[in-house]
Amino acid sequence: MTLKGKAWKFGDDVDTDLIIPARYLNTTDTEELARHCLEPVRPEWAGEVAPGDIIVAGRNFGCGSSREHAPIAIKGCGVAAVIAVSFARIFYRNAFNIGLPVVEAPEAAAAIAEGDTVEIVLEEGVVRRGEGGETFRFAPIPVFMMDLVREGGLIPWLQKEVKTER
Amino acid sequence: MAMTITEKILAAHAGRDAVVPGEIVRVPVDLALANDITAPLAIREFKRGGAKKVFDPDKVVLVPDHFAPNKDIMSAEQCKQMRDFARAMGIAHYYEIGRMGVEHALLPEEGLVRPGMVIIGADSHTCTYGAMGAFSTGMGSTDLAAAWITGWTWLKVPESMKFTVTGRMPRWVGGKDIILHILGKIGVDGARYRAMEFTGDAIRGLGLDGRLSMCNMAVEGGAKNGIIEADALVEDYLRGRTETAYVMHRSDDDANYVESLEIDVSGLEPQVARPHSPDNVAGVSDVGEVKIDQAFIGSCTNGRLTDLREAAAVLKGREVDPAVRLIVIPATQAVYAQAMREGLLEVFVEAGGAVSTPTCGPCLGGHMGVLAEGETAVATSNRNFIGRMGHTGSKVYLANPAVTAASAVLGRIASPAELNGRGGQ
Ligand code: SF4
């Protein structure tokens, strides 16, 4: 699976309260959550991000709460993937469970600048910057996680598993 | 093969003799918890999965604690979804307002947490139960839904870190201070994906409430779980709360740890985490002059009986500074009732504090004490991220209940030691 989009840069320790503040958690509506995505960090951002864009962040992205509303809000904005130096574990798991691919690629995360065009080839573990620009490698996404992304998340995957078992 | 407690619990559940860090195991789930924020998403996914029944209604727990008593119509709808689901699925462990408590204080009280269990919860502070020798970790709503359907989950076996805590605990220092001190040393991603195992004579000497506060904040170091070997204290606590048999594991002496740290608490003063991160830690005397607008005593970290007793010991016969709003929220109905019997609530009210029914309240900036722009609070909760308790231009300092109470009296962040000889009873 190849993803290509414009990069938006964020810093270290972007926590789930920054991704989607608790006051918006009285709904599970994707569009409503997306509207407030990353609001405390960049209030206008949710209106500027375009489908297919890619978030590029620092260390420990998604730390804090277990709220799945965080990756849902990001995916709801149309973001195709998140590249970071590292991810907090619950966020990492949640992202794949809802079908949002996230990539741990420290060098790529450091080198990519805001506005760069970024290409990610998930199965191969490759991130490319700009047209014919630098290439960075990351540990390819495990087969199981890729299946989750392809099926659109854990629940659709589970349904298919159950059908095949029968 | 030598193993840690965490590895032993996971191996036992996976039906294996041994597991090693890094491998992925599929394990049956003994308890699967969600709250009024995370359950609606889990219910949606559960239904999307076409499921009609939960795998075992006795192993599902639902607690409306975050925005309850309902703070607005949308929160009321979320709680109602949860209540309806509990009824439809025959889930007995649903706790209505008036019998409710903040989930991580409530479950141990209800006898639902036992050593050796595998517990997952759609709440990051599910790691709290490690204080009773269980493997417990936070996940998202979809993972919960999958577990409700199948009764299973997958887990990567974490590497373990060992924290040996020794020495005699000074007055006004407790579990909260030890964990803040540790977070200050390792940072908010210092234990990412790992198990934090706490041991040593200071931990053994700590009451259960203090141990729960410590494991509660393991996630603030990025950990998958916190864990403490269960002992006679835990057995005593469980007597009368559960009839179910349980297994108490202990780490082998030659078990493998990726890192081992030794901490001597003898000279430790109460610790404070400054804005905007739980690892921005200093001793209370090094914080400087910080005026506060609000003091909050409660949450799944420090809303238990021991915490309220500590706070009341400071507040007895004293008055809250007129410029400060003190909010006290006992973590569960049982804590509330006992605090009432002991006269603690009276101390808070007479000091000029506001006492509420159990709820998460201001901890996550939901209701019951949200901060305005430019305001500063000191709180006994576990997170002080930007905007955690309200406006993104507000600030939160994290401290233990005694420091929070003393700060409420003095109107600035202060140690209870400063009050010696100044009023009180
Ligand atoms: S008290 Fe705070 S940290 Fe604990 S469960 Fe409630 S919101 Fe989460």
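A residue counts as buried when its relative accessible area is under 20%. By that cut-off, nine of the nine residues of α5(A) are buried in this predicted model, so the helix is largely enclosed by the rest of the structure. The buried residues are A:R89, A:I90, A:F91, A:Y92, A:R93, A:N94, A:A95, A:F96 and A:N97. A:G99 follows α5(A) and has a positive phi, near 85°.

The interface of chain A and chain B was examined next. The two chains bury about 3,500 Å² between them. Of this area, 55% lies on carbon and sulfur atoms. Chain A brings 38 residues to the contact, and chain B brings 47. On the side of chain A, the residues that lose the most area to chain B are A:N26, A:R89 and A:R93. Together they account for 22% of what that side buries. Two of these residues, A:R89 and A:R93, are among the buried residues of α5(A).

Polar interactions also cross this interface. Four salt bridges are counted between chain A and chain B. The side chains of B:R388 and A:D17 form a salt bridge, with an N to O distance of 3.0 Å. In addition, 22 residue pairs are in polar contact across the interface, both residues of each pair at pLDDT 80 or more. Four elements of chain A each give two or more residues to the side that touches chain B: α1 (16-19), α4 (69-76), α5 (89-97) and α8 (154-165). The most come from α5(A), with six residues. By class, this side of chain A has 15 nonpolar, 13 polar and 10 charged residues.

One contact of A:R89 leads into chain B. Strand β5 of chain B, residues 135-138, holds B:T137. B:T137 has a relative accessible area of 0% and is therefore buried. Beyond its neighbours within four places in sequence, B:T137 is in contact with A:R89 of chain A. Its contacts in chain B, under the same exclusion, are B:I119, B:I120, B:G121, B:T126, B:C127, B:L155 and B:K224. B:M169 is 32 residues from B:T137 in sequence, and their C-alpha atoms are 28 Å apart in space.

Chain B itself is divided into domain 1 (5-263) and domain 2 (271-416). In the contact between them, domain 1 of chain B supplies 36 residues and domain 2 of chain B supplies 39. The C-alpha centres of the two domains lie 24 Å apart. The domains bury about 3,000 Å² between them, with 59% of it on carbon and sulfur atoms. In domain 1 of chain B, B:V102, B:W172 and B:K176 lose the most area to domain 2. These residues together make up 22% of what that side buries.

The interface of the two domains has two salt bridges. The side chains of B:R171 and B:E310 meet in a salt bridge, at 3.4 Å from N to O. Polar contacts between the domains number 26 residue pairs, with both residues at pLDDT 80 or more. On the side of domain 1 of chain B that touches domain 2, α4 (103-109), α6 (175-186) and α8 (208-216) of chain B each supply at least two residues. Of the elements, α6(B) gives the most to this side, with six residues. The residues of this side comprise 15 nonpolar, 12 polar and nine charged.

Technical notes. Residues are numbered from 1 along each chain as its sequence is written. Chains are lettered from A and ligands numbered from 1 in the order in which they are written. This is a predicted model: local features need pLDDT of at least 70, side-chain atom pairs count only at pLDDT 80 or more; totals for chains, interfaces and linings use all residues. Side-chain values use heavy atoms; hydrogens and water are left out. Domain bounds come from an automatic or database domain assignment. Contact means heavy atoms within 4.5 Å. Buried area is the accessible area (1.4 Å probe) that two parts lose on being put together, summed over both. A polar contact is a pair of N or O atoms within 3.5 Å; within protein, one must be able to donate a hydrogen and the other to accept it, and residues adjacent in sequence count only if both atoms are side-chain atoms. Ala, Val, Leu, Ile, Met, Phe, Trp, Tyr, Cys and Pro count as nonpolar, Asp, Glu, Lys and Arg as charged, and the others, Gly among them, as polar. Buried means under 20% relative accessible area, exposed over 50%, partly exposed in between (1.4 Å probe, protein chains only).
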